[in-house]
Structure formats: structure tokens, C-alpha cells
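Open your viewer and get ready to select residues by number. Each stop says what to pick and what is there.

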Amino acid sequence: MTALSRVGPSPSGGGPAVSLSPRQTEVLHHAANGLTIPETAHTMHLAVSTVHYHQQVILTALKARNMAHAVLLACQAGVLDGRPRRHGDHAGFAAHVYRGEEPCEACWAGERVYRADRREARKRNAA
């Protein structure tokens, strides 16, 4: 099984943190490239109904009104730009703060670990 793709929060965008499967991410990429449902089905060797199902899951996960809106939200979250997404660590926490958002719980947890590590490093250096 392949890993889920985290959508938002990321340094390149924001939004609620949701998970898309690799297959759903691939469907989203095809939609971003302008492929229709039948074209995507042919390209991915899937049934049209399967692609339609994946698109419905994407719309629900991203809280999008249509696939164009889903592509926009995914771009804002950094899913379609090819850059690595940061979430649940110090960089994810900093991205929230930079955007003026309240950090999510995963990023707060990562920030607490980061701060504890920094305190320990300062103690070692002071001794």
C-alpha cells in the first residue's frame, strides 16, 4: 500500500488537512491537465464509474464545489506544484504562523518536540 498524500497546511498554501490516496491524487493531476472523466479512465485503465467515484471523494475531502475548485484548492495547498509538503513539524508550524493561521494540532505537536529538542541542545551547550 502506498502512503496517503496530505493536503494542506503547507508552506505554499493552506486549508484543512485531509488525506488523498495516490490514486485520487493522480485523478486530480489528470483533472488539472484538462482530461475529462472518460479520458482519465482510459489513461488510468479504470472504469468511468471508478474515476467518477474518485472525483466525488476528492470533492468531499477538499470541500470543493467542482473539480476546477478542487484543482484550485489543491494548488493552494501545494499538492499539484511538486514541492514537498510540510505538516506536523516545525516547518509546518511556521507556515501556519506565517499565514496568520492558528496551527493545527499536528503542527503544534511537532513544534513542541522541536522546542524540547532545542532546550536540550541549549542545556548540552551550556554545560
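Start with the vocabulary for angles: under 35 degrees counts as roughly parallel, over 145 as roughly antiparallel, 65 to 115 as roughly perpendicular, and the rest as oblique. Axes are lines fitted to C-alpha atoms, for helices over the stretch in contact, and angles run from 0 to 180 degrees between N-to-C directions. Helices are DSSP runs (H or I, at least four residues), numbered from the N terminus.

This is a predicted model, where local features need pLDDT of at least 70, side-chain atom pairs count only at pLDDT 80 or more, and totals for chains, interfaces and linings use all residues. Residues are numbered from 1 along each chain as its sequence is written, and side-chain values use heavy atoms, leaving out hydrogens and water.

**Stop one: two helices.** Select residues 22-32, helix α1, and residues 37-44, helix α2. They pack at about 130 degrees, with axes 10 Å apart. α1 and α2 are therefore oblique to each other. Now show the contact (heavy atoms within 4.5 Å). From α1, pick R23, E26, V27 and H30. From α2, pick T40, T43 and M44.

**Stop two: inside α1.** Which residues of α1 are buried (under 20% relative accessible area, 1.4 Å probe, protein chains only)? Select Q24, T25, V27, L28, H30 and A31. Just after α1, click G34: its phi is positive, about 90 degrees.

**Stop three: C75.** Jump to helix α4, residues 67-76, and find C75 there. C75 counts as partly exposed (from 20% to 50%), because its relative accessibility is 39%. Finally, add A32: its C-alpha atom is 9.3 Å from that of C75, though 43 residues separate them along the chain.
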